[in-house]
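Work through the exercises below with the sequence and the model open. Each task is followed by a solution in steps.

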Amino acid sequence: MTQITIAGQSVDLTDEGYLTDASQWNKEVAVELAKTEGFELGDDHFKVLDFLRDAHAKGETLTIRKVGKSGIVDIKGLYKLFPGGPLKFSSKFAGIPKPTSCV
Amino acid sequence: MKDILILGAGTAGTMMANKLRNTLEYDEWRITIVDQYKTHYYQPGFLFIPFGIYNKQDVIKPKSNFIPPGVKLIYSEIDKIEGENNKVYLQEGRVLNYDFLIIATGTQTCPEETPGLKDKLWYKDIFDFYTIEGSIALQKHLKDWKGGKLVMCISELPYKCPVAPIEFVCLAEAYFAKKGMRDKVDITYVTPMPGAFTKPVATKMLSELLTEKNIKVIPDFYLEKIDNDNKKLISYDELEIDFDLLTIVPVNMGSEMIERSGMGDDLNFVPTNKHTLQSDQFENIFVIGDAANIPTSKAGSVAHFASEILFDNLMSAIEGRPLLAKFDGHANCYIETGYGKGALIDFNYDTEPLPGTFPLPGIGPFGLLKNTKINHYGKVIFRWIYWHILLKGKEMPIEADMTMAGKKRVTV
């Protein structure tokens, strides 16, 4: 675990760069985290991040399928917003833990 | 007279019926179990059918053989559960009341969820091996298949028996080698997961095993549709994979009855407390096996370990005491790797599969995360154990809680 300061906010990150405490998140932190992965976040990205944060707060398990059924974006759209790992990247920028597939 | 109603007479439901009937007084408790089908399938055996190792008669027995006297078995489809009124509606308009309900309706494959899957190539060049029909059709197809690109694809998570697709490609590799046509078959393993398995230590071991067998792994591939004309898999991010023969794990979903009852998540699995196995919605409803949304493998071994916890908690609920037994997500899976060998993994919610020995620390006889002959015999013997001990709810010499004894803490 490492502690760094981004967007004037001190945050704790896992070795893979996920926030360990979702309450340390704000929009500026999201923008900076996204930049480190080469993403520039717009409104459509933030709609997904808000959905993920809400669902996470309710203790729901997140899957790509669930986001695709949310009415915010379909699965194809989600891949366009976060190419290369839609749930992995969106979870990281939303400040929630890395999605785990529980096999 | 009070009623316990069990929905589903598969592995989980049958074990619960036996455990409960052995304990509860006949003059106080009526136990009823409902299932629409009369045949009990030994599902771990489906994997062996495509290669002619098992045939249909090796994996079927009447469900009624395993339901003890004193448990009423009703063959019927289930319309829905009305949790507010403690009622279950069956298909012919029959209504059953319950004091406690156990949902054990499992998971099923839904090929129609993927566009182009149940289309003109279905059971011609595309097969599943999670149904008796699929595995028998695949056996026939493989007998005179001339070779080409064999692709094993997992459509969606979660799915039943997470190691089965790995076992399938290993057994296929050995099958083609034995037929002297391994050089004519190109085997590819396609998964939406980031590697051959989810957890790091097991992924490393299994990836090495697949590499050794010259089986290619394509991770992070999330299947959108099948192009039947060009024989291609297409992902949501528009990657394409060619196939000549596709074996697939279709999307897994819980029973439609769960959806009709308004009790499921987006895949019709029932939101369930992962420790107590009580439904999140109703205090007198418990969920066991694949039907639950708990974050562990959908596998018979999980249902077996969970059955002991559920039994304890149901007894507590009946007596109005708090539910103290806590399920740890324990799973134990034999992995057939071909050439008469096998591997074994043992894990739970918190501990990933680790190397070691099982069940006796330091002795075994089984080796965890090791590819050995004795592990293969474990799997062979397991079919007998399943029919004669496990389903009947008898004691097994393995604890419900996973133990660290015999395991070595390692990281990749």
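**Exercise 1. Two domains of chain B**

Find how far apart the C-alpha centres of domain 1 and domain 2 of chain B lie, and describe the contact of these domains in this predicted model.

Solution.
- Step 1: set the bounds. Domain 1 of chain B covers 2-106 + 255-318, domain 2 covers 111-251, and domain 3 covers 331-390.
- Step 2: take the C-alpha centres. Those of domain 1 and domain 2 of chain B are 30 Å apart.
- Step 3: list the residues in contact. Domain 1 of chain B contributes 18 residues and domain 2 of chain B contributes 22 residues.
- Step 4: compute the area. About 1,600 Å² is buried between domain 1 and domain 2 of chain B, with 73% of it on carbon and sulfur atoms.
- Step 5: rank the contributors on the domain 1 side. B:Leu47, B:Pro50 and B:Phe51 supply 39% of the area that domain 1 of chain B buries against domain 2 of chain B, more than any other three residues.
- Step 6: look for charged pairs. One salt bridge is counted between domain 1 and domain 2 of chain B. B:Lys160 and B:Asp290 form a salt bridge in which the closest N and O atoms are 3.9 Å apart; the cut-off is within 4 Å, so the pair counts.

**Exercise 2. Chain B against chain A**

Describe the contact of chain B with chain A, and state how many salt bridges are counted between the two chains.

Solution.
- Step 1: count residues. The contact draws 21 residues from chain B and 13 residues from chain A.
- Step 2: compute the area. Chain B and chain A bury about 1,600 Å² between them, and 55% of this lies on carbon and sulfur atoms.
- Step 3: find the main contributors in chain B. B:Tyr222, B:Tyr236 and B:Asp266 lose the most area to chain A, together 35% of what the chain B side buries.
- Step 4: count the salt bridges. There are four between chain B and chain A, while the structure holds 22 over all chains.
- Step 5: inspect two pairs. B:Glu238 pairs with A:Lys76, the closest N and O atoms being 3.7 Å apart. A:Arg65 forms a salt bridge with B:Glu156, where the closest N and O atoms are 2.7 Å apart.
- Step 6: place the second pair. A:Arg65 lies in helix H3 (residues 64-68) of chain A and B:Glu156 in the loop between strand S12 (148-154) and helix H4 (164-178) of chain B, so this pair joins two chains.

**Exercise 3. Two helices of chain A**

Are H2(A) and H5(A) roughly parallel or roughly perpendicular to each other?

Solution.
- Step 1: take the geometry. Helix H2 (residues 43-57) and helix H5 (residues 86-94) of chain A pack at an angle of about 80°, their axes 9 Å apart.
- Step 2: apply the class limits. Angles of 65 to 115 degrees count as roughly perpendicular, and H2(A) and H5(A) are therefore roughly perpendicular.
- Step 3: list the contact. From H2(A), A:Val48, A:Leu49, A:Leu52 and A:Arg53 meet A:Leu87, A:Ser90, A:Ser91, A:Phe93 and A:Ala94 from H5(A).
- Step 4: sort by type. The residues of this contact are six nonpolar, two polar and one charged.

**Exercise 4. Backbone exceptions in chain B**

Most residues other than glycine have a negative phi, and most peptide bonds are trans. Find exceptions in chain B.

Solution.
- Step 1: check omega. The peptide bond from B:Phe358 to B:Pro359 is cis, with omega near -10°, and B:Pro359 lies in strand S23 (residues 356-360) of chain B.
- Step 2: continue along the chain. The bond from B:Gly364 to B:Pro365 is also cis, with omega near 10°; B:Pro365 lies in strand S24 (residues 364-368) of chain B.
- Step 3: check phi. B:Asn214 is not a glycine, yet has a positive phi of about 60°. B:Asn214 sits in the loop between helix H5 (200-212) and strand S14 (216-218) of chain B.

Key: Residues numbered from 1 in each chain as written. Chains lettered and ligands numbered in written order. Predicted model: local features only at pLDDT ≥ 70, side-chain atom pairs only at ≥ 80, totals over all residues. Heavy atoms only, no water. Axes fitted to C-alpha atoms, helices over the stretch in contact; angles between N-to-C directions. Helix = DSSP H or I, 4+ residues; strand = E, 2+ residues; numbered from the N terminus. Parallel < 35°, antiparallel > 145°, perpendicular 65-115°, else oblique. Contact = heavy atoms within 4.5 Å. Nonpolar A, V, L, I, M, F, W, Y, C, P; charged D, E, K, R; others polar. Domains from an automatic or database assignment. Buried area = accessible area lost by both parts, 1.4 Å probe. Salt bridge = Lys/Arg side-chain N within 4 Å of Asp/Glu carboxyl O.
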